[in-house]
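Biologist: Could you take a close look at the salt bridges here, and set them in the context of the rest of the fold? I would like the reasoning spelled out for each pair.

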Amino acid sequence: MSTKSIPLSSYQIRLLAVLALINFVNFAARQVFVPLIPLLREHLHATDAQLGSLQTWLLGVLAVGSIVFGFLADRFSRKAIIAVGILLWSVATFAGGLAASFIFFLIARAMVGLGEAAYAPAAQSMISGAFPQERRAMAQAIFAAGMLLGGAGGHVLGGVLGQRYGWQVALFVVAVAGIVPGIALFWIEEPPRGPCSELVSIGRHPRVPAFVSIIWAFVCTIFKLLRVPAFSAMICAGICITFSSVSLLTWSTDFAVSYKDFSLREASVLLAVIGLMSALFGVLTGGFVADRLHRSFASGRIIAVAAAFLLAAPFLLLAIQSEEKSTVLIGLFVAGFFMSWYHGPVTAVLHDMMPRRAHATSVGVYMFATQLFGGLGPHVVGKISDLHDLQLGLQIAVAVMVCGALLMLLVIHFIRRDGMRHPTLEAFHAEPGD
């Protein structure tokens, strides 16, 4: 592995700053509704299972959209696809503030997921295209820091504005904010991509309709990627991790209010601050540690992720079980620090496995599976809450997270056996150093 330190260019800094800022607004739009759950329960007369399904439907649409937009991002302008995503999630968030019924609000939240689906695969592909392989985990970690900051920012806005001005105002503010960083995107050039391969190209026979050629290329690409054992094992691990993470994020504020005697404002602000500090410190630490381990081990980045989730689990259980507010916050801080190691390394590993012309598609496939199946978490935990209690539901979510960490060990096994770039991907004709 290379150990040479490569300084960042002004272009790399600008690209990463703009995409991270857009990611901030992206996740603010997703997480702003979490502290609003107690208000929405009363206004929409919804059960916990229904409220949990809001995030499940958002992630389900995100999953389906990701695999399509990821495929398109490897073939067409990534900047144009990102712009479409920003417009979609901003309009959908604003529409949610106009909802008078649960069904209308559900549809609006689902469309937020469609906008997010257009963003992540294209943006992450641009970052890996602009940064050398040995710096990918750290670059993706900085990009993920925008996500974590946005999630915390949306959490605070939802709690503060929701309690003082109503839940509608919180959605309106986040929706309008989404337009601003998107403008800066037009001053950023797209990084170069590798040459088209026989699987990526959408060239066609003159007698075959264009849409048939595109669909055939899409199907062939997906099946080729799924034949990589390490990639399939990562998807299974990611499903478990997503199930747990989105469940904990969705229900954390309501759990603190209902079970730990926090006020809505207190829970919104304290959990957001704790989450922000731990996640920001953790995602940067995780990116650094993962890149360092990658210099010594081909599977070093996966080792960092698996170890971090196993370390986070006991602190999550401590926070769930404790009756002391200070212990709850300390447990969540330490757990959040380790859980946030995941974000940078996992994207770097996916891109390390794939040639450049499959970067966005591989992320799209990964997001499709993890968000579609892992996204069931909030609904399942809400259902457990209706039948038993929320505390049991969150304990089950932690157990699922541990399963995801253990599945990462299977990824390590396949990488050691087959190498980082599986032989089946030779059909992509990846260029050297890709």
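Modeller: What follows begins with the overall fold, turns to the salt bridges one by one, and ends with the aromatic pairs and a few other places. Please keep in mind throughout that this is a predicted model, and that every value below is computed from it.

The protein has 17 helices and zero strands, and 58% of its 434 residues count as buried. Among contacts with a separation of 6 or more, 86% are between residues 24 or more positions apart. The accessible surface comes to about 16,900 Å², and 71% of that area belongs to carbon and sulfur atoms.

A search of the whole structure finds six salt bridges. One of them pairs Arg41 with Asp254, whose closest N and O atoms are 2.9 Å apart. Because Arg41 lies in helix α2 (residues 37–44) and Asp254 in helix α10 (residues 229–259), this pair ties together parts that are 213 residues apart in sequence. The two partners are also covered to unlike degrees: Arg41 has a relative accessible area of 25% and is therefore partly exposed, whereas Asp254, at 4%, counts as buried.

Another salt bridge joins Arg78 and Glu190, again with the closest N and O atoms 2.9 Å apart. Here Arg78 sits in helix α4, while Glu190 belongs to the loop between α8 (179–184) and α9 (210–226), so the bridge ties together parts that are 112 residues apart in sequence. In this pair the arginine is the buried partner, since Arg78 has a relative accessible area of 1%, and Glu190 counts as partly exposed because its relative accessibility is 26%.

A further bridge is formed by Glu266 and Lys325, with 3.3 Å between the closest N and O atoms. This pair links distant parts of the chain, given that Glu266 is in helix α11 (residues 264–296) and Lys325 in helix α13 (residues 325–339), 59 residues apart. Both ends are partly exposed, with a relative accessible area of 26% for Glu266 and 29% for Lys325. Beyond this pair, Asp291, Arg301 and Asp352 are joined into one network by salt bridges that share partners.

The aromatic side chains can be read in a similar way. The whole structure holds 10 aromatic pairs. In one of them, the ring centres of Phe105 and Trp167 are 5.7 Å apart and the planes stand at 90 degrees, so the pair is edge-to-face. This pair also links distant parts of the chain, with Phe105 in helix α5 (residues 102–130) and Trp167 in helix α7 (residues 167–177), 62 residues apart. Phe105 and Trp167 are both buried. Phe337 and Trp341 likewise form an edge-to-face pair, with 5.9 Å from centre to centre and 75 degrees between the planes, and both of these residues are buried. Phe337 and Trp341 are part of a cluster, in which ring pairs link them with Phe281 and Phe338.

Helix α6 (residues 136–165) offers a check on helix geometry. At 1.5 Å a residue, its 30 residues should span 44 Å, and its end C-alpha atoms are 42 Å apart, which agrees. Just after α6, Gly166 takes a positive phi of about 110 degrees.

His343 is found in helix α14 (residues 343–353) and, with a relative accessibility of 22%, counts as partly exposed. Leaving aside residues up to four places away in sequence, His343 touches Ala144, Met147, Leu148 and Val283. The C-alpha atoms of His343 and Ala144 are 6.0 Å apart in space, although the two are 199 residues apart in sequence.

Finally, on the surface, Phe94, Leu98, Phe104 and Val176 form a nonpolar patch with about 380 Å² of accessible area together. Phe94 lies in helix α4 (residues 78–96), and with a relative accessible area of 35% Phe94 is partly exposed.

Key: Residues numbered from 1 in each chain as written. Predicted model: local features only at pLDDT ≥ 70, side-chain atom pairs only at ≥ 80, totals over all residues. Heavy atoms only, no water. Helix = DSSP H or I, 4+ residues; strand = E, 2+ residues; numbered from the N terminus. Buried < 20%, exposed > 50% of the residue type's maximum accessible area, 1.4 Å probe, protein only. Contact = heavy atoms within 4.5 Å. Areas by Shrake-Rupley, 256 points an atom, 1.4 Å probe, with all protein chains shown as cover. Patch = residues over 30% accessible without salt bridge, like charges linked within 9 Å, V, L, I, M, F, W, Y side chains within 5 Å. Salt bridge = Lys/Arg side-chain N within 4 Å of Asp/Glu carboxyl O. Expected span 1.5 Å × (residues − 1). Phe/Tyr/Trp six-rings, centres within 6.5 Å; stacked < 30°, edge-to-face > 60°.
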